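Work through these exercises on side-chain contacts with the model open. Try each task before you read its solution.

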Amino acid sequence: MSIRPFAGIVTLSGSAQPLFGTAVTAAVTPPPDQFSGNLGPGSNETQCTLTVTSTKGFLPGDRVAVGLTAAFKPGIVATTAIPDQGMVKSITSSTQMVVQGLKQSHAASGEWCVLNDSVGNVHITPVSLSAATYIGNASTVASTDGSVADYIPSGGTTPLDFESVGASQPMQLSEFWVLGSGTLVARYTQI
């Protein structure tokens with residue numbers, strides 16, 4: 001196991017955002033397999049360049065989930081809205097990465113690229129929070145939402161730790177969403 005930081009000090013936007021992700025900023029459609037002509041089962045996984053706000057925190061080999069905000073609501077997402085899955089093959093710039101395995105088209109706004117690795121621990125340290133900060137397992141995270149798992153009060157400095165039950169029951173990074181204003185640092189332990 002190794003401890004891995006994500007993107008250094010993260011600035012919260014005041015809106016719900018993934019703790020381990022970034023916004024997609026340009027539309028992309030994965031090319032079809034050159035032999036089968038499609039992206040269905042049995043086809044080769046093709047690669048496409050995904051443009052995002054920042055590639056900071058992503059590394060080649062990372063599993064990612066890409067989809068609309070509404071796709072990140074565990075247990076209540078329609079089968080047709082499940083986030084697309086892929087693997088980062090390379091980071092080509094501060095805003096572009098090559099991802100292999102995506103099967104759906106993605107829009108230039110309203111979509112996210114989120115780490116989707118299985119982890120044993122998530123640790124969040126407040127740096128400077130100017131509002132109460134809510135951490136939940138869905139993109140709907142808010143003070144009155146049922147997805148809230150914990151919070152840090154405005155100006156709070158006490159770190160939060162989320163532990164899995166063990167290697168047989170890991171947590172998914174795509175299920176960590178945050179709502180607040182200010183800055184924090186997040187890290188996780190890989191399994």
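**Exercise 1.** Is D62 buried or exposed, and with which residue does D62 form a salt bridge?

*Solution.* The model is predicted, so its values are computed from predicted atoms. Start with D62. Its relative accessibility is 4%. Buried means under 20%, so D62 counts as buried. Next, find the partner. D62 forms a salt bridge with R4, and the closest N and O atoms are 2.6 Å apart. Now place the two residues. D62 sits in the loop between β4 and β5, R4 sits in strand β1, and 58 residues separate them. Last, check R4. Its relative accessible area is 8%, so R4 is buried too.

**Exercise 2.** How many salt bridges does the count come to? Where do K103 and E45 lie?

*Solution.* The count comes to 3 salt bridges. One of them joins the side chains of K103 and E45, at 4.0 Å from N to O. K103 lies in the loop between β7 and β8, and E45 in the loop between β3 and β4, so this pair ties together parts 58 residues apart in sequence. Then look at exposure. K103 has 37% relative accessibility and counts as partly exposed. E45, at 46%, is partly exposed as well.

**Exercise 3.** Which parts of the chain does the salt bridge of D117 and R63 tie together?

*Solution.* The side chains of D117 and R63 meet at 3.8 Å, N to O. D117 is in the loop between β8 and β9, while R63 is in strand β5, so the linked parts are 54 residues apart in sequence. D117 is buried at 11% relative accessibility. R63 is partly exposed at 35%.

**Exercise 4.** Why do C48 and C113 form no disulfide?

*Solution.* A disulfide needs two cysteine sulfur atoms within 2.5 Å. The sulfur of C48 has its closest cysteine sulfur in C113, 9.9 Å away, so the two are too far apart for a bond. The structure holds 0 disulfides. Both cysteines are still buried: C48 at 7% relative accessibility, C113 at 0%.

**Exercise 5.** How many aromatic pairs does the structure hold? What is the arrangement of W112 and W177?

*Solution.* There are 8 aromatic pairs. In the W112 and W177 pair, the centres are 5.8 Å apart and the planes meet at 85 degrees. Planes over 60 degrees apart count as edge-to-face, so this pair is edge-to-face. W112 belongs to strand β8 and W177 to strand β14, 65 residues apart. Both are buried.

Technical notes: Residues are numbered from 1 along each chain as its sequence is written. This is a predicted model: local features need pLDDT of at least 70, side-chain atom pairs count only at pLDDT 80 or more; totals for chains, interfaces and linings use all residues. Side-chain values use heavy atoms; hydrogens and water are left out. Rings of Phe, Tyr and Trp (its six-membered ring) pair if their centres lie within 6.5 Å; planes under 30 degrees apart count as stacked, over 60 as edge-to-face and the rest as tilted. Helices (H or I, at least four residues) and strands (E, at least two) are DSSP runs, numbered from the N terminus. Buried means under 20% relative accessible area, exposed over 50%, partly exposed in between (1.4 Å probe, protein chains only).
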